[in-house]
Amino acid sequence: MKKPHHAMPGRSDEWYTPPEIFQAMGVEFDLDPCQPEEGRAFLCVPASHYYTAQQDGLISPWHGFVWLNPPFGGRNGVVPWLRKFMDHGDGICLVNALTSSGWFHDWTHLADAMLFPRGKTKFVRPDGTRGASPANGVVLLACGQRGVAALERAQANGLGMLVNGTPW
């Protein structure tokens, strides 16, 4: 059985969001709190400010409209990032669509909208090449009016299926 890209020893765990996601949403972000330290030539996040691991986006203050593609490592490693994202309440977050996991049920219902991209998202490696089909799909979570509007545009542009409205 082939291991997923994030479980392969000796290989980078940095995987960048592909540009077509940002193109479909048609937005600019004020902050990306999870940018990589190196290999930034193929990074395409349209954000005016960013934090790397050195600045630690979990403890640094967030401002404005946030793009969050948090580290996927660890069983519940995404939870502290989701907590901060939901508390901030203005942005879009990309996480694994692990619909059977506890954290997915505990946190995603707090979003104002969710968009499930069609097919598997092929992320970009630090060298600019595309990864193969990953083991899991992803979901984009929106908080706030700007986030919901961006996911509505993404759906209209064919990125995937939008689910919105509260209560869930």
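**Close-up views of a predicted model**

**View 1. Asn-69 sits in the loop that links β3 to α2 (79–88).** Welcome to the first stop in this predicted model. Is Asn-69 buried or exposed? Asn-69 counts as buried because its relative accessibility is 14%, and the cut-off for buried is under 20%. The side chain of Asn-69 meets the side chain of Thr-17 in a polar contact of 2.8 Å. Which residues does Asn-69 touch, once those up to four places away in sequence are set aside? They are Trp-15, Thr-17, Cys-34, Leu-94 and Phe-123, so Thr-17 appears both in this list and as the polar partner of Asn-69.

**View 2. The whole chain gives the setting for the other views, with 4 helices and 7 strands.** Followed along the sequence, these elements come in the order α-β-β-β-α-β-α-β-β-α-β. The protein chain has 168 residues, and 43% of them count as buried. How much of the contact list joins residues 24 or more positions apart? Among contacts in the protein chain with a separation of 6 or more, such pairs make up 66%.

**View 3. The largest nonpolar core brings together 24 residues.** Met-25, Phe-29, Trp-67, Ile-92, Leu-140 and Leu-151 are the members that touch the most other members. Which elements give two or more residues to this core? They are the helices α1 (19–25) and α4 (145–156), along with the strands β4 (91–96), β5 (113–117) and β6 (138–143). Apart from this core lies another, made of 22 residues, including Val-79, Leu-82, Val-95 and Leu-141. A general point may help here: in soluble globular proteins, nonpolar side chains tend to be buried together.

**View 4. Met-25 is a good residue to zoom in on within the largest nonpolar core.** Leaving out residues up to four places away in sequence, Met-25 touches Trp-67, Ile-92 and Leu-140. Its contacts also include Ala-150, Leu-151, Arg-153 and Ala-154.

**View 5. Helix α4 has a buried side and a face turned away from it.** This helix has 12 residues, and the distance from its first C-alpha to its last is 16 Å, close to the 16 Å expected at 1.5 Å a residue. Its buried residues are Gly-147, Val-148, Ala-150, Leu-151 and Ala-154. Why do they lie on the same side of α4? They do so because they cover an arc of only 160° around the axis. Among the elements that cover these buried residues are α1, β4, β5, β6 and β7. Turn to the face away from the buried side and you will find the exposed residues Gln-145 and Ala-156. After α4 comes Gly-158, with a positive phi near 85°.

**View 6. Strand β2 (residues 47–52) holds Thr-52 and also His-49.** Thr-52 counts as buried because its relative accessibility is 7%. His-49 counts as partly exposed because its relative accessibility is 45%. How far apart in space are Thr-52 and Pro-36, C-alpha to C-alpha? They are 5.5 Å apart in space and 16 residues apart in sequence. Pro-36 is also one of the residues that Thr-52 touches, together with Gln-35, Glu-37, Arg-40 and Gly-57, if residues up to four places away in sequence are not counted. Counted in that way, His-49 touches Asp-30, Leu-31, Asp-32 and His-63. The C-alpha atoms of His-49 and Val-66 are 9.6 Å apart, with their positions 17 residues apart in sequence.

**View 7. Asp-56 lies in the loop between β2 and β3.** Although Asp-56 is not a glycine, its phi is positive, at about 55°. Asp-56 counts as partly exposed because its relative accessibility is 27%.

**View 8. The confidence of the prediction can be followed along the protein chain, where the mean pLDDT is 87.** In the protein chain, 90% of the residues reach a pLDDT of 70 or more. Which elements have the lowest and the highest mean pLDDT? Strand β7 (residues 160–164) has the lowest, at 93, and strand β3 (residues 66–68) the highest, at 98. Over residues 1–12, on the other hand, the pLDDT is below 50. In the model this stretch has 7 contacts beyond near neighbours in sequence. Where pLDDT is low, the predicted coordinates should not be read in detail.

Terms used:
Residues numbered from 1 in each chain as written. Predicted model: local features only at pLDDT ≥ 70, side-chain atom pairs only at ≥ 80, totals over all residues. Heavy atoms only, no water. Core = buried A, V, L, I, M, F, W, Y, C linked by side-chain atoms within 4.5 Å. Buried < 20%, exposed > 50% of the residue type's maximum accessible area, 1.4 Å probe, protein only. Contact = heavy atoms within 4.5 Å. pLDDT = per-residue confidence, 0-100. Expected span 1.5 Å × (residues − 1). Arc of directions from axis to C-beta. Polar contact = N/O pair within 3.5 Å; in protein donor to acceptor, adjacent residues only side chain to side chain.
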